[in-house]
Amino acid sequence: MRPASLEDAGRIAQIYNEGIEDRIGTFETRLRTTDDVRAWFDGRHPILVVEDGGAIVAFASTSRYRARDAYAGIAEFSVYVARSARGRGAGTAAMRALIVAARTAGFWKLVSRIFIENTASRTLMKAMGFREVGIYEKHAKLDGQWRDVVIVERLIPENFR
Ligand SMILES: CC(C)(COP(=O)(O)OP(=O)(O)OC[C@H]1O[C@@H](n2cnc3c(N)ncnc32)[C@H](O)[C@@H]1OP(=O)(O)O)[C@@H](O)C(=O)NCCC(=O)NCCS
């Protein structure tokens, strides 16, 4: 694991686009460009990559939750593993490192939403200490179908002051 740099943006976009095409991890349908991913680097939100044999196989990222000042210590997160590398621990490694990076950056909570059918992601998040808060029913449509998502949160107790 290492912090991502702007030079990694192209490979991160490839991995994210595989996730978009698979339709199991996100409502997003617009494929991302390298420049789209470069815009994620805001100097505040950690982005990490996992390498295997010198090649990036996964990334985990944080992004702004809401613009409201009171929520400045909450971050949304994402984790995506290259299709060919799934189920071999890269997602676990990425999330473990992301939680440490979020703690170091001062965030007190990570949140996301997971499609209820996404067993791999729900299993991973439970193992990483996330709590399933509840289900948003019919949260949005993906390819014309209403989908339910489970809200997950993980507190970072070291950052409650
Ligand atoms: C979800 C994802 C990030 C998990 O990463 P991964 O590297 O494949 O998962 P790992 O090998 O680290 O396994 C993590 C846990 O999930 C379980 N798991 C992995 N793939 C699974 C699957 N297809 N079905 C059920 N459980 C699965 C593993 O057994 C492991 O649980 P354990 O610790 O109890 O053994 C990855 O599969 C992925 O990128 N999927 C597509 C995009 C996506 O859904 N992203 C998350 C958006 S919320």
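A residue counts as near a molecule if one of its heavy atoms lies within 4 Å of that molecule. The structure is a predicted model, in which local features need pLDDT of at least 70 and side-chain atom pairs count only at pLDDT 80 or more, while totals for chains, interfaces and linings use all residues. Residues are numbered from 1 along each chain as its sequence is written, and side-chain values use heavy atoms, with hydrogens and water left out.

**Exercise 1.** Find which residues come nearest to the ligand, and state which oxygen contacts Val81, Thr92 and Asn118 make with the ligand.

*Solution.* Begin with the shell of 19 residues around the ligand, of which Gly87, Gly89, Gly91, Thr92 and Asn118 come nearest. Next, look for polar contacts, here pairs of N or O atoms within 3.5 Å. A polar side-chain atom of Thr92 is 2.5 Å from a ligand oxygen, an N or O atom in the side chain of Asn118 lies 2.7 Å from a ligand oxygen, and Val81 uses a backbone N or O atom, at 2.8 Å from an oxygen of the ligand.

**Exercise 2.** Determine which element gives the most residues to the shell around the ligand.

*Solution.* Take helices (DSSP runs of H or I, at least four residues) and strands (E, at least two), numbered from the N terminus. Two or more shell residues come from each of β4 (74-81), α3 (90-104) and α4 (119-127). Among the elements, α4 gives the most, with five residues.

Notes
Polar contact = N/O pair within 3.5 Å; in protein donor to acceptor, adjacent residues only side chain to side chain.
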